[in-house]
Amino acid sequence: MAENEEKNTDETMEDTVDTTVDETMEAEAEQESTENSVPEDDAETCDSKEAEAAEGAKEGKGIFKKKEKKDKRDEQIAELNDKVLRQMAEFENFRKRTEKEKAQMFEIGAKSIVEKLLPVIDNFERGLATVSEEEKNGAFAQGIEKIYKQLITELADAGVTPIEAVGQEFNPDFHNAVMHIEDENFGENIVAEEFQKGYMYKDSVVRHSMVKVAN
């Protein structure tokens, strides 16, 4: 009997130890499973982030497409702006060229009229040069002189001026030498006498002075 009771006691202890070991192993296994597993909330958060990332990628592609279209519009605007600027520059050049041509045409016409008036001025000067000292005080001579001065004044206001000659150095751009003399009273290449007065219209010569050059 004692042996049977002792045997039963040993079996009971062994069963208790086995149960404890099994429970311990189950607890450790459950803990490992808990640590390795991802909570449902965390899983949902990860899925949400992945969805947002995918949506952001799609939106990013859409942004790039819009930017690409905007760049094309900018290029078209820049091209049109360049064309407008070029046309404006061409029009400005055309306007300046037209104004220059008009001015040249007007100058040519004015020079032509002045050239026709110069013989009239020459005749006035020749006529006044033949008037004696006694006749200068007469009404006729004074009237002719006033008309001559008025004509010269009007031509000067229009841009017609006489070319200086006597005492000036000979310049083929303004003077036409028809005679040459040796005279110690004048320097080298100096205009000694003027036979016919020359005139300029603004910056261009209408008629060269006909002169005699010394030395």
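Start with the open sheet of three strands, whose order is S2-S6-S3 and whose pairing is mixed. Keep in mind throughout that this is a predicted model. If you colour strand S2 (175–181) and strand S3 (190–196), you have the two edge strands, each of which pairs on one side only. Measuring axes in the viewer is a useful check here, since neighbouring strands of this sheet are turned by 35 degrees against each other on average, with direction ignored.

Next, select S2 together with strand S6 (residues 209–214), which pair in the parallel sense over six bridges. To place yourself along S6, pick Met210, which stands opposite Asn176.

Move now to the other sheet, also open and made of three strands, where the order is S1-S4-S5 and the pairing is antiparallel. Strand S1 (160–162) and strand S5 (204–207) stand at its edges, and because each has a single partner strand, one side of each is left without a neighbour in the sheet. Neighbouring strands of this sheet are turned by 35 degrees against each other on average, again with direction ignored. Showing S4 and S5 alone will bring out their antiparallel pairing over three bridges, and within it Tyr199 stands opposite Arg207 of S5.

Keep Tyr199 selected, for it leads into the largest nonpolar core, which has eleven residues in all: Ala110, Val114, Leu118, Ile121, Phe124, Tyr148, Leu155, Val160, Tyr199, Tyr201 and Val206. Helix H2 (40–129), helix H3 (139–157) and strand S4 (199–201) each supply at least two residues of this core, and the largest share, five residues, comes from H2. In soluble globular proteins, nonpolar side chains tend to be buried together.

Within that set, centre the view on Ile121 and display what surrounds it. Leaving aside neighbours within four places in sequence, Ile121 is in contact with Tyr148, Leu151, Ile152, Leu155 and Tyr199.

From Tyr148, step across to Phe124, since these two form an aromatic pair that is tilted, at 6.2 Å centre to centre and with 40 degrees between the planes. The count of aromatic pairs comes to one. This pair links distant parts of the chain, with Phe124 in helix H2 and Tyr148 in helix H3, 24 residues apart. Are the two rings' residues, Phe124 and Tyr148, buried or exposed? Both of them are buried.

Leave the core and turn to charged side chains, where a search of the whole structure finds nine salt bridges. Select Lys83 and Glu79, whose side chains meet in one of these, at 3.9 Å from N to O. Because Lys83 and Glu79 are four residues apart in helix H2, they are separated by about one helical turn. Lys83 counts as partly exposed at 46% relative accessibility, and Glu79 likewise counts as partly exposed, at 45%.

Further along H2, select Glu92 and Arg95, which meet in a salt bridge at 2.4 Å from N to O and lie three residues apart in the helix, about one turn. Here Glu92 counts as partly exposed at 29% relative accessibility, while Arg95 is partly exposed with a relative accessible area of 31%. Adding Glu99 to the selection shows a network of salt bridges that links Glu92, Arg95 and Glu99.

For the last stop, select Glu133 and Lys136, which form a salt bridge whose closest N and O atoms are 3.3 Å apart. Glu133 is exposed, with a relative accessible area of 60%, whereas Lys136 counts as partly exposed at 39% relative accessibility.

Note on methods: Residues are numbered from 1 along each chain as its sequence is written. This is a predicted model: local features need pLDDT of at least 70, side-chain atom pairs count only at pLDDT 80 or more; totals for chains, interfaces and linings use all residues. Side-chain values use heavy atoms; hydrogens and water are left out. A nonpolar core is a set of buried Ala, Val, Leu, Ile, Met, Phe, Trp, Tyr and Cys residues joined through side-chain atoms within 4.5 Å. Buried means under 20% relative accessible area, exposed over 50%, partly exposed in between (1.4 Å probe, protein chains only). Contact means heavy atoms within 4.5 Å. Two strands pair if DSSP finds at least two bridges between them. Axes are lines fitted to C-alpha atoms, for helices over the stretch in contact, and angles run from 0 to 180 degrees between N-to-C directions. Rings of Phe, Tyr and Trp (its six-membered ring) pair if their centres lie within 6.5 Å; planes under 30 degrees apart count as stacked, over 60 as edge-to-face and the rest as tilted. A salt bridge is a side-chain nitrogen of Lys or Arg within 4 Å of a carboxyl oxygen of Asp or Glu.
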